Amino acid sequence: MYSSTILLVKPEPESRTRLRARFEGSGYKVVEASDTATAMNMLNRSEIALVVTELYLPVANSKCLARTIGKSPALRRTKVLAYTTHGKRKDRDWAKR
């Protein structure tokens, strides 16, 4: 059976709490990470169906996270939703690829 677990990757705990409540209210299991390194450790240890993350994170951004997921045969079914409030065209184009 395919997992319905969402991994939230967001540095601000208050934002994670709000997003977690929304997803759990829709019946999803939610796990949290505050940075890319923690997120990768969690991905390697459990079945995550969707990663929801800001595009720009401190230290290593979500592009690194998305590339790693995309290159891993074990994570090929994991979807990534990366968002940004910057709204730059180059970010939208990158996300489409």
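Is Arg 16 buried or exposed, and what is its relative accessible area? I looked this up before anything else, and found that Arg 16 is buried, with a relative accessible area of 12%. I note here that what I am reading is a predicted model.

**Entry 1, the chain as a whole.** I then stepped back to the secondary structure, which comes to four helices and four strands. Reading from the N terminus on, I wrote down the order of the elements as β-α-β-α-β-α-β-α. The chain has 97 residues, and I found that buried residues make up 36% of them. For the accessible surface I noted about 6,300 Å², of which 52% belongs to carbon and sulfur atoms. I also looked at contacts with a separation of 6 or more, and residues 24 or more positions apart account for 70% of these in the chain.

**Entry 2, the strands around E3.** I turned to strand E3, which spans residues 50-54, and found it mostly covered, since four of its five residues are buried. Strand E1, residues 5-9, runs parallel to E3 and is joined to it by four bridges; in this pairing I located Leu 7 and its bridge partner in E3, Val 51. Strand E4, residues 79-83, also runs parallel to E3, and here I recorded five bridges, with Tyr 83 of E4 as the bridge partner of Glu 54.

**Entry 3, the salt bridges.** How many salt bridges does a search of the whole structure find? The search finds four, and I went through several of them in turn.

Arg 16 forms one of them with Glu 32, where the closest N and O atoms are 3.0 Å apart. Because Arg 16 lies in helix H1 (residues 13-25) and Glu 32 in strand E2 (residues 29-33), this pair ties together parts that are 16 residues apart in sequence. Whereas Arg 16 is buried, I found Glu 32 to be partly exposed, at a relative accessible area of 25%.

Glu 24 forms another with Arg 20, and the closest N and O atoms of that pair are 2.9 Å apart. The two residues are four apart in helix H1, so about one helical turn separates them. Both are recorded as partly exposed, Glu 24 at 38% relative accessibility and Arg 20 at 26%. I then saw that these two pairs are not isolated entries, as Arg 16, Arg 20, Glu 24 and Glu 32 are linked in a network of salt bridges.

Glu 12 and Lys 10 form a further salt bridge, with their closest N and O atoms 3.4 Å apart. In this pair Lys 10 is buried, with a relative accessible area of 10%, while Glu 12 is partly exposed at 31%.

**Entry 4, the two sides of helix H2.** Which residues of helix H2 are buried? In this helix, which covers residues 36-45, I listed Thr 36, Ala 39, Met 40, Met 42 and Leu 43. They lie on the same side of H2, because the arc they cover around the axis is only 165°. On the other side I found Ala 37, Asn 44 and Arg 45 exposed. Last, I checked the N-terminal end of H2, which is capped by Asp 35: one of its side-chain oxygens lies 3.2 Å from the backbone nitrogen of Ala 37.

Technical notes:
Residues numbered from 1 in each chain as written. Predicted model: local features only at pLDDT ≥ 70, side-chain atom pairs only at ≥ 80, totals over all residues. Heavy atoms only, no water. Buried < 20%, exposed > 50% of the residue type's maximum accessible area, 1.4 Å probe, protein only. Pairing = 2+ DSSP bridges. Salt bridge = Lys/Arg side-chain N within 4 Å of Asp/Glu carboxyl O. Arc of directions from axis to C-beta. Polar contact = N/O pair within 3.5 Å; in protein donor to acceptor, adjacent residues only side chain to side chain. Contact = heavy atoms within 4.5 Å. Areas by Shrake-Rupley, 256 points an atom, 1.4 Å probe, with all protein chains shown as cover.
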